[in-house]
Amino acid sequence: LVGPGCVIGEDCIVGAGSELVARVTLVRRVRLGQRVLIHPGAVLGADGFGLAMDHGHWLKVPQLGGVIVGDDCEIGANTTIDRGALDDTVLEDDVRLDNQIQIGHNVRIGAHTAMAGCVGVAGSAKIGAHCTVGGGAVVLGHLELADHVHISAATVVTRSILKPGQYSGVFPIDDNAS
């Protein structure tokens, strides 16, 4: 089912039983599995943030990969999933993403993983299966989280986590006025 205002772009496939609720945009090279539910305003397959400095100016690095979403996934409202630079950005089966999440290019998210609202996952991070990431948490780029890792809300993950378990990290708030 493709709802009102949805756009399905170049080289995109929508699997059987999938639903794009409203104003969903599949930009380019997006493959949705079966029974995928995408809520309003989500954008999949836009360019990742690929830049290279050349003589003091930023050059855009072409994003040649795609986005692959497995079966039985749910993607929340206004969530964005960038397509990969060379390889694909991948959500394995039964991944659940809440509203307003950013998934960077070349990220891989393992099966049965869930992320709460406002999570940010930077490019090329690898998240294992059966993980949870609490609201407002951030996973820095090129890091790896093992299977069964659970990240508390508002945590900033600054290193790879290779052992299952519950992890939290909070920076203390302080006055920074001059």
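1. T89 has plenty of company: beyond its neighbours within four places in sequence, T89 is in contact (heavy atoms within 4.5 Å) with G66, V67, I68, I81, D82, R83, G84, I103, G104, H105, N106 and V107. This is a predicted model, where local features need pLDDT of at least 70 and side-chain atom pairs count only at pLDDT 80 or more, while totals for chains, interfaces and linings use all residues. Residues are numbered from 1 along each chain as its sequence is written, and side-chain values use heavy atoms, with hydrogens and water left out.

2. T89 sits in strand β12, residues 89–91 (strands are DSSP runs of E, at least two residues, numbered from the N terminus). T89 counts as buried because its relative accessibility is 0%; buried means under 20%, exposed over 50%, partly exposed in between, with a 1.4 Å probe and protein chains only.

3. What does the T89 side chain do with its polar atoms? One lies 2.7 Å from the backbone oxygen of D82, and a polar atom of that side chain is 3.4 Å from the backbone nitrogen of G84.

4. L145 is in strand β21 (residues 144–145) and counts as buried, since its relative accessibility is 3%. Setting aside residues up to four places away in sequence, L145 touches K126, I127, G128, V139, I151, V157 and I161. Its C-alpha is 10 Å from that of T132, 13 residues apart along the chain.

5. M53, in strand β7 (residues 51–54), is partly exposed because its relative accessibility is 49%.

Definitions and conventions: Helix = DSSP H or I, 4+ residues; strand = E, 2+ residues; numbered from the N terminus. Polar contact = N/O pair within 3.5 Å; in protein donor to acceptor, adjacent residues only side chain to side chain.
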